[in-house]
Amino acid sequence: MDVRRELLDSLNKKGYKSRKVIGCVGGGQLLKMMGEAIQKANLPFDIIALDPSDPCPASPYLKKQLIGDLKDAEKIKELAIQSDIMTY
């Protein structure tokens with residue numbers, strides 16, 4: 001077993017979440033490229049996005065998509081509540 005897996009297993013046993021959720025305002029090409037990189041490197045991140053397009057370009061890599069305007073304060077708050085890390 002590799003060191004990374006041992007560390008994640010140890011953290012999980014202690015109740016730590018091994019996967020972090022990245023929330024992104026906008027689900028366009030940049031997020032799609034980030035999703036491809038996360039998947040290719042097998043990194044411990046899930047992605048959720050707020051985007052008005054259904055589906056947005058990043059949808060193949062999203063755990064969840066919120067549909068809404070990128071300037072909607074309530075939708076951004078909803079995204080933030082579900083995220084460990086936020087970006088735009």
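Is Gln 65 buried or exposed? Hold that for a moment. What you have on screen is a predicted model.

Confidence, then. The mean pLDDT of the protein chain is 90. Of its residues, 89% reach 70 or more. The lowest stretch is helix H1, residues 3-13, at a mean of 69. The highest is S3, at 98. One reminder: where pLDDT is low, predicted coordinates should not be read in detail.

Now back to the opening question. Gln 65 sits in strand S3, which runs over residues 64-67. Gln 65 is buried, because its relative accessible area is 19% and the cut-off is under 20%.

What does the Gln 65 side chain reach? A polar atom of that side chain lies 2.6 Å from the backbone oxygen of Ser 53. The side chain also reaches the backbone oxygen of Asp 51, at 3.5 Å. Leaving out residues up to four places away in sequence, Gln 65 touches Ala 49, Asp 51, Ser 53, Asp 54, Pro 55, Cys 56 and Ser 59.

Stay in S3 and go to Ile 67. Ile 67 is partly exposed, since its relative accessible area is 36%, between the 20% and 50% cut-offs. Beyond four places in sequence, Ile 67 is in contact with Leu 50, Asp 51, Pro 52, Ser 53, Asp 54 and Lys 75. Ile 67 and Ala 49 are 18 residues apart in sequence. In space, C-alpha to C-alpha, they are 8.4 Å apart.

Next, the cores. The largest nonpolar core has 9 residues. They are Ile 22, Cys 24, Leu 31, Ile 38, Ile 47, Ala 49, Cys 56, Ala 58 and Leu 62. Three elements give two or more residues to this core: strand S1 (20-25), helix H2 (29-41) and strand S2 (45-51). Another core, of 6 residues, lies apart from it. Its members include Val 21, Ile 48, Leu 50 and Leu 79.

Take Cys 56, from the 9-residue core. Outside four places in sequence, Cys 56 touches Gly 27, Asp 51, Leu 62 and Gln 65. That brings us back to Gln 65.

Last item, the pocket. The largest one has a volume of about 160 Å³. It is lined by 13 residues. Closest to its centre are Arg 19, Ile 38, Gln 39, Phe 45 and Tyr 61. H2 and S2 are the elements that give two or more residues to the lining. Ile 38 is one to remember: it is among the residues closest to the pocket centre, and it also belongs to the largest nonpolar core.

That's it from me.

Definitions and conventions
Residues numbered from 1 in each chain as written. Predicted model: local features only at pLDDT ≥ 70, side-chain atom pairs only at ≥ 80, totals over all residues. Heavy atoms only, no water. Core = buried A, V, L, I, M, F, W, Y, C linked by side-chain atoms within 4.5 Å. Buried < 20%, exposed > 50% of the residue type's maximum accessible area, 1.4 Å probe, protein only. Helix = DSSP H or I, 4+ residues; strand = E, 2+ residues; numbered from the N terminus. Contact = heavy atoms within 4.5 Å. Polar contact = N/O pair within 3.5 Å; in protein donor to acceptor, adjacent residues only side chain to side chain. pLDDT = per-residue confidence, 0-100. 1 Å grid on protein atoms, 1.4 Å probe; cavity = no way out; pocket = protein on both sides within 12 Å on 5 of 7 lines; lining within 4 Å. Points joined across faces, edges and corners; volume = space filled by probe spheres on them.
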